[in-house]
Amino acid sequence: AITTDSASFVYNGEDRKLKKYSYSALANSMHTISVITVDDDLPFVNRVNTVENEFYFDVRDGAGKSVINNYEIIYKWGTLTVTPRPVTVTTGTVSRVYDGQPLSYAEASSGNLCNGHSLVPVSDELGETEFPEITDIGSVKNEFKCKIVDNMNGDFTDNYLVTYVYGTITRTKRPVTIFTPSVTEKYGLNEISDINVVKYNNLVDGHTVIADVEEGNEPRRREVGTTKNEFACKIYCDADDVTDNYTITYEYGTLTVTQREIVVTFNSASKVYDGAALSEKGYTTYWKENAEFKGLVGDDKLIIDDSTVPSLTDVGTKTNRFDFTLPEFEEGKSNYALYETFNGTLEVTERTLSVATGSATAVYSGKPLSQPQYEECYYLDADGVKQVGLVNGDQLAVLAPFSVTAVTPDGGTDNVVTYKVCDSNGDEVVGNYIIEYVKYGKLTVTPAKLNVTV
């Protein structure tokens with residue numbers, strides 16, 4: 001009985017043979033057994049499999065002559081076995097900053113493959129291979145299968161006992177800096193606000209930045225000063241909110257309101273003399289840059305120092321200018337700056353008095369006849385209505401009397417008496433009136449009757 005040996009080998013891609021055997025005692029001690037199967041014909045195994053270790057022998061005597069026919073040979077074949085080669089396949093690990101694109105990593109490695117073998121990802125019937133992928137931040141297991149091929153693309157996977165260690169595919173947040181806008185405007189009619197973000201860096205192409213502010217809650221500034229233009233933003237890819245894929249750093253701009261430079265014009269005023277003081281606290285304002293715009297906004301008003309407001313009573317002109325301070329929204333702080341002022345004028349013009357002189361009649365006596373009392377004295381008010389007398393207690397007094405002594409012609413002689421105006425103290429009031437004689441009365445002296453007795 002001849003028994004060939006058995007052996008088990010871990011797959012290494014090589015032909016595995018075993019020319020070992022055992023046998024029972026021969027009939028003659030001079031007989032020997034030798035293998036007659038040449039080495040090239042020995043059974044072998046080079047893939048995971050089991051084959052019989054079958055090869056043949058001859059029995060020879062001491063002279064080298066074959067005596068095998070004298071024996072009944074019973075063969076017991078051993079086996080040659082190749083077991084799978086244990087390998088660990090590690091799929092690749094990769095980490096990338098978010099860029100809006102799907103990320104996959106089709107890399108795998110193993111340090112225990114046979115020479116000439118390599119890893120190839122398994123593909124489907126169409127030759128396509130699907131790999132795990134990730135677009136948004138996070139991690140997924142890089143789980144895919146490989147086959148093991150030689151340099152002729154032959155599949156040797158069955159010869160390996162594969163253990164997988166899966167890597168990870170990771171997307172990390174993309175850092176981005178968003179610059180909120182800055183606005184500087186002069187104080188005016190409206191609050192300033194700007195949430196239109198147009199400046200940022202490191203944003204994925206095609207993504208947009210939109211302010212995440214409810215309407216009406218935008219940072220605003222109205223009064224002079226500076227406010228940080230601080231608000232949050234969201235980032236969109238088309239209609240999708242991708243903000244969570246970013247780490248946002250904000251550089252906040254400012255909303256700055258500067259003082260509005262204004263021009264102040266003091267109003268002018270005029271009237272006909274009425275004995276009362278004329279004053280005018282009115283004014284107009286406009287923007288230095290554009291006279292079409294009212295300088296003071298809304299209900300803002302100048303704070304006037306009444307003690308400096310000029311007045312004018314008698315006929316003449318006077319500069320109208322007074323002291324004031326600009327309105328303040330907070331103690332010591334104004335939305336305005338004074339650029340220039342223009343003076344107004346106060347003017348009092350003469351009042352026209354219409355005078356009709358009085359009339360008188362007398363019989364010639366050799367004495368002068370006069371009539372100092374006027375018949376009528378009046379002026380027209382602002383509405384054109386006749387008002388009798390003078391203003392402010394003033395009164396007419398005779399300046400140049402007139403009289404006649406001799407008999408006057410028929411119809412009499414005009415009473416051309418002239419008057420002046422005096423105040424209540426009797427002092428002459430100079431320059432506040434123009435006296436217009438609208439009618440002269442008549443001084444009439446008739447002949448005296450003379451009785452002559454003949």
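Me: To which strand do 6 bridges join β36, with the two running parallel?

Reply: Happy to help; this is a predicted model, where local features need pLDDT of at least 70 and side-chain atom pairs count only at pLDDT 80 or more, while totals for chains, interfaces and linings use all residues. Residues are numbered from 1 along each chain as its sequence is written, and side-chain values use heavy atoms, leaving out hydrogens and water. Strands here are DSSP runs of E with at least two residues, numbered from the N terminus, and two of them pair if DSSP finds at least two bridges between them. Ala-356 stands opposite Lys-439, and the parallel partner of β36, spanning residues 433–439, is strand β45.

Me: And which strand runs antiparallel to β36?

Reply: Thr-357 has Tyr-374 as its bridge partner. With 4 bridges to β36, the antiparallel strand, residues 374–380, is β39.

Me: Why is β36 largely enclosed by the rest of the structure?

Reply: Look at burial, meaning under 20% relative accessible area (exposed is over 50%, partly exposed in between; 1.4 Å probe, protein chains only). Strand β36 covers residues 351–357 and is largely enclosed because the count of buried residues is 6 of the 7.

Me: Is His-207 buried or exposed?

Reply: His-207 sits in strand β20, residues 207–211. Its relative accessibility is 7%, so His-207 counts as buried.

Me: Which side chain makes a polar contact with the side chain of His-207?

Reply: A polar contact is a pair of N or O atoms within 3.5 Å; within protein, one must be able to donate a hydrogen and the other to accept it, and residues adjacent in sequence count only if both atoms are side-chain atoms. At 2.7 Å, the partner of His-207 is Tyr-246.
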